Amino acid sequence: MQKIGVFVCWCGSNIAATVDVAKVIESVKAIPDVAFASDYRYMCSEGGQDLMQNAIREHGLTRVVVCACSPRMHEATFRKAAEAAGLNPFLLEIANIREQCSWVHKDKEVGTEKAIALAKAAIAKVRFNSPLQAGQSEVVKRALVIGGGIAGIQTALDIAEAGYKVDLVEKKPSIGGRMSQLDKTFPTLDCSACILTPKMVDVAAHPNVTIYTYSEIEKVSGYVGQFEVDIRKRARSVKADLCTGCGVCQDKCPSKKTPNEFNQGLDNRSAIYITFAQAVPKVPVIDREHCLKFQTGKCGICEKVCPSKAIDYTQEDEIITQKYGAIVLATGFETIDLTKFGEYQYGKSKDVITSLEFERLTNAAGPTEGHLQRMSDGKQPKHIVFVSCVGSRDVSGRGKEYCSKICCMYTAKQAMLTREKYPDTDVTVFYIDVRTPGKGFDEFYRRAVEEYNVHYIKGQVGKILEQGDHLLVYASDALSNSHISLEADMVVLATAIQPSQDAKKLATMLTASIDNNNFFTEAHAKLRPVESPTAGVFLSGVCQGPKDVPETVSQAGAAAVKVLGILSKDTLATNPCVASCNERICSGCLACENVCPYGAIGGEEKTVINLNGKREQRVVSVVNEALCQGCGACTVACPCGAMDLNGFSNKQITAEVDAIC
Amino acid sequence: MQKIAELIKKEAESLLKENKVTAVWAWQPGEFYYDNSPVCFTAPEQLDKLVYNEFCPSNLGKYLMAGSKKNETMAVFAKPCDTYGINQLIKDHRIKRELITVIGIPCSGMIDIKKIKNQGVKGIISVSVSGDDVIVTTAYGDKNFKKSEVLLAKCMSCKGSDYMIADKELGEKMEVKCQKLNPEDGVKKLEAMTSQERFAFWQQELSKCIRCNACRDICPACSCEQCIFDNQEAAVAGKASANTAEEQMFHIIRAYHVAGRCVGCGECARVCPQGIQLGLLNTKFAKDINEFYGKYQPGADDDSKAPLVDYKFDDVEPTISAKGVR
């Protein structure tokens with residue numbers, strides 16, 4: 001027989017206003033096995049914890065139920081307190097009568113009834129709780145950062161600076177990411193490359209950082225403190241240790257018709273190429289799909305002209321396997337595909353461009369060497385129309401429902417810079433709302449309007465037509481409630497951003513969750529914004545949600561601190577709430593192995609004692625407790641109930657349900 | 001089929017004589033001509049009893065489980081449809097592949113004795129089949145039938161004459177000749193009903209269940225050491241029935257448990273003494289799986305992952321709405 005203690009928290013008026021606490025106490029006291037029940041204004045306070053600890057000692061309680069807030073808030077607090085009073089911490093259960101009861105009810109009678117039901121369920125469960133012991137696992141003192149943009153670079157630098165090894169993996173031939181494509185940054189208008197490239201150099205030169213560019217994550221296994229990752233280092237066809245980055249190869253390469261990704265396809269590059277002048281590492285790659293040597297077997301010019309004999313056509317992809325204590329996702333973003341937005345003529349007219357293309361057009365290292373000119377005829381545009389929210393805040397189903405957050409500011413920046421450099425250019429911005437919260441942001445936008453005379457029109461562009469050598473923009477003016485049309489030489493679309501296409505694949509590999517828009521989700525929107533729900537996996541930058549450079553850098557630092565919190569420990573306590581297999585009834589179908597996202601289950605042929613007490617030899621499933629994260633997928637996949645979860649056994653859950661029904 | 005029976009006998013004899021296996025699984029006559037039952041032969045002299053005719057519908061695969069746990073070598077005779085179940089049992093690690101020898105035997109369809117009895121035929125002594133002609137010898141004289149009209153329902157939707165697993169094949173392949181039934185037709189009828197009609201249909205159908213567990217015992221996908229319904233720890237056993245239709249929970253959960261593993265052999269419906277159309281549940285699951293994840297035939301191989309326990313990047317993610325799963 002158990003001696004169960006029940007403690008009901010008022011949480012000030014949070015619970016007590018909607019739940020008759022005295023009535024809850026009265027009801028639970030009538031339940032067999034309940035040896036003690038009491039209420040307290042704030043159970044989480046020292047007084048509340050003392051009350052619980054004294055009751056455990058004085059009444060010899062064997063199980064404890066705390067009726068209070070969500071276990072996500074204070075389960076750890078109460079378990080620690082129970083442990084200090086000599087009770088195994090896993091013999092304590094929380095009944096959530098705040099978030100799941102008092103906060104969602106207005107009627108006190110109803111709220112009280114539900115609080116009693118929840119208390120009964122927790123009491124029914126706690127009877128079957130068994131004492132569990134957390135194990136220990138070692139921490140590998142090395143971090144992995146996936147994505148070499150400003151987010152990944154900053155996170156890697158912060159971890160490295162604290163004295164830990166970190167590997168930075170970037171898919172493209174150079175680190176730098178989207179920020180390296182930008183011309184100027186708001187609200188200070190400093191040159192993007194000027195502030196980014198020193199960081200690129202720093203991270204490359206740091207003795208604690210190893211950079212893998214032109215590389216992708218192939219496989220992830222393991223768990224917090226002990227991840228094992230396969231990195232596919234794609235063949236560059238250039239020996240990085242010999243190459244001096246002189247660039248002769250790309251000058252002499254005869255295949256020069258490949259759209260230049262760095263310039264958003266506005267010009268072409270050679271088949272062997274260095275992404276951009278400040279690339280890190282400054283080592284070219286051969287794009288084998290467009291290389292004559294690889295496609296036809298003839299050519300080989302780069303090999304002949306290379307003064308350092310660095311070209312190697314036989315190089316193969318390399319798989320690097322490395323162990324890590326923590327992983328940071330910093331996979332960034334891309335602009336959405338605009339094919340569904342036919343009304344803007346994007347892709348049809350060369351003078352309708354995205355804002356990222358505009359960045360390249362105005363950048364000194366871009367295809368026009370920074371001269372703002374039309375891609376159709378090279379003329380300088382005299383009338384430019386900027387359209388904001390292209391695919392953002394879109395409820396038509398063609399774009400994204402969310403606000404891309406950065407567009408209002410960069411549109412103001414692009415409009416302002418255009419007016420600054422080309423004062424004879426007329427600039428109009430169409431907007432739904434102008435959203436400029438942030439330090440110095442609204443002042444920046446007002447400068448665009450007031451000092452630079454950018455015409456801001458609240459209204460949406462419905463249609464753009466090509467007429468002769470210019471464009472006709474049809475739009476609504478929401479303030480005057482009229483339809484307007486105006487001529488433009490160039491239209492810039494503030495295109496919505498979305499997470500990198502690789503996010504979904506990585507989420508599956510890492511069992512990190514993503515939302516409907518493929519942004520990685522955080523463990524708690526407010527209190528754990530840089531942690532993913534998977535232990536040891538952290539989020540940095542736009543892969544978690546749209547944000548600008550300063551926000552990205554702050555989050556990158558925050559993610560680094562979380563990583564350091566793990567790497568600075570020698571061991572981590574493992575979660576004892578793991579799956580366990582009853583071999584006597586396990587049939588060995590291994591549905592559990594198939595559904596286990598952590599690779600924690602395997603089949604083994606064993607001699608087991610069957611239900612009739614006889615020995616027999618058959619396949620049963622075996623759980624690796626170090627790998628198991630206690631998700632419980634196996635317990636529901638198991639058809640016969642052989643697989644159970646410590647702390648959440650089928651029996652416990654059914655007892656809870658029975659207590660409510 | 002008589003010729004095949006001779007081939008089977010000869011094969012069994014050589015396997016046992018040469019000590020290639022310690023046991024051979026086949027069929028023996030039952031109390032009546034039409035109720036042949038599974039049997040395990042361990043010596044050549046027992047083989048006189050071996051029989052193979054139109055009354056051997058049962059799949060012998062499941063009987064290999066016990067010997068497999070003792071590491072015994074066994075041979076089993078398998079009709080084409082039986083091979084699906086055997087593969088599934090291998091995949092579920094209930095039979096060790098290296099211990100068994102599967103001998104494929106041709107089949108031209110099994111006869112449903114109920115269809116004959118339902119026509120008022122009594123006192124059946126024996127049945128002889130020649131082509132499509134079935135002569136039933138009874139205490140009251142001979143009765144004639146067409147085989148295509150008295151086939152088991154499961155044979156009318158025969159998956160074909162190929163063996164999914166066979167170490168050896170005996171005789172020439174045979175075809176089932178009849179008007180073929182598509183098991184999905186019944187499901188389509190159910191899908192066309194309103195949810196209220198469908199609920200009423202299943203209440204009516206499943207309230208007939210007497211929980212004899214014949215469906216569970218015969219099923220090659222139901223091979224658990226201990227069924228969840230018999231597992232006290234799982235806390236689902238031993239709950240009192242609120243009404244007779246509560247048995248539907250057993251059948252629905254069983255259908256879930258075999259989803260993606262049910263080979264569609266139709267044995268559950270064949271052995272049900274209450275004539276419940278159990279195949280409809282399983283076929284509905286199979287149909288949905290095919291539509292969501294691409295065509296998949298459980299038991300066609302012994303190592304593929306079933307769609308419900310396999311994850312791919314481009315998997316559909318069905319969402320549940322008021323109108324149903326889509």
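**Close-up views of a predicted two-chain model**

**View 1. A cis proline in a loop of chain A.** P281(A) sits in the loop that runs between strand 15 (272–273) and strand 16 of chain A. This is a predicted model, so keep that in mind for every view here. The peptide bond leading from V280(A) into P281(A) is cis, and its omega is near 0°.

**View 2. V285(A) and its neighbours.** Here we look at V285(A), part of strand 16 (residues 285–286) of chain A. Is V285(A) buried or exposed? It's buried, because 21 other C-beta atoms lie within 10 Å and 20 are enough to count. Leaving aside residues up to four places away in sequence, V285(A) touches P173(A), Y214(A), R236(A), S237(A), V238(A) and Y273(A). You can also look for Q250(A), 35 residues away along the chain: its C-alpha atom and that of V285(A) are 9.6 Å apart.

**View 3. Y214(A), a residue with positive phi.** One of the residues touched by V285(A) is Y214(A), and this view turns to its backbone. Y214(A) belongs to the loop between strand 10 (209–212) and strand 11 (215–223) of chain A. Its phi is near 55°, which is positive even though the residue isn't glycine. Y214(A) counts as buried, since it has 21 C-beta neighbours inside 10 Å.

**View 4. N518(A), another residue with positive phi.** N518(A) is also not a glycine, and its phi is near 70°. Look for N518(A) in the loop between helix 13 (502–510) and strand 29 of chain A. With 15 C-beta neighbours inside 10 Å, N518(A) counts as partly exposed.

**View 5. The cis bond at P187(A).** F186(A) and P187(A) are joined by a cis peptide bond with an omega of about -5°. P187(A) is in the loop between strand 8 and strand 9 (190–191) of chain A.

**View 6. Helix 14 of chain A and what it packs against.** Helix 14 (residues 549–567) of chain A has 19 residues, so at 1.5 Å a residue it should span 27 Å; its end C-alpha atoms are 26 Å apart, which agrees. Its buried residues include V549(A), V553(A), A556(A), A560(A), V563(A) and L567(A). Q555(A) and K562(A) are buried in this helix too. What do the buried residues of helix 14 pack against? Their partners in chain A are helix 5 (150–161) plus four strands: strand 6 (142–146), strand 8 (184–185), strand 18 (326–329) and strand 29 (537–539).

**View 7. Helix 1 crossing helix 4 in chain A.** The axes of helix 1 (residues 21–29) and helix 4 (residues 108–126) of chain A come within 9 Å and cross at roughly 40°. The crossing is right-handed. Helix 1 brings K23(A), V24(A), S27(A) and V28(A) to the contact, while helix 4 brings T112(A), A115(A), I116(A), A119(A) and I123(A). Sorted by class, that's six nonpolar, two polar and one charged residues.

**View 8. Helix 11 of chain B.** Over to chain B, where helix 11 (residues 279–293) has 15 residues and reaches 21 Å from its first C-alpha to its last, close to the 21 Å expected. Buried here are G279(B), L280(B), L281(B), N282(B), T283(B) and A286(B). Just after the helix, G294(B) has a positive phi of about 90°.

**View 9. Where chain B meets chain A.** Here 21 residues of chain B are in contact with 26 residues of chain A. On the chain B side, seven are nonpolar, six polar and eight charged. The predictor's scores for the complex are an ipTM of 0.87 and a pTM of 0.72.

Key:
Residues numbered from 1 in each chain as written. Chains lettered and ligands numbered in written order. Predicted model: local features only at pLDDT ≥ 70, side-chain atom pairs only at ≥ 80, totals over all residues. Contact = placed C-beta atoms within 7 Å. Nonpolar A, V, L, I, M, F, W, Y, C, P; charged D, E, K, R; others polar. Helix = DSSP H or I, 4+ residues; strand = E, 2+ residues; numbered from the N terminus. Expected span 1.5 Å × (residues − 1). Buried ≥ 20, exposed ≤ 12 C-beta atoms within 10 Å, placed from the backbone. Axes fitted to C-alpha atoms, helices over the stretch in contact; angles between N-to-C directions. Left-handed = near helix turned anticlockwise from the far one by under 90°.
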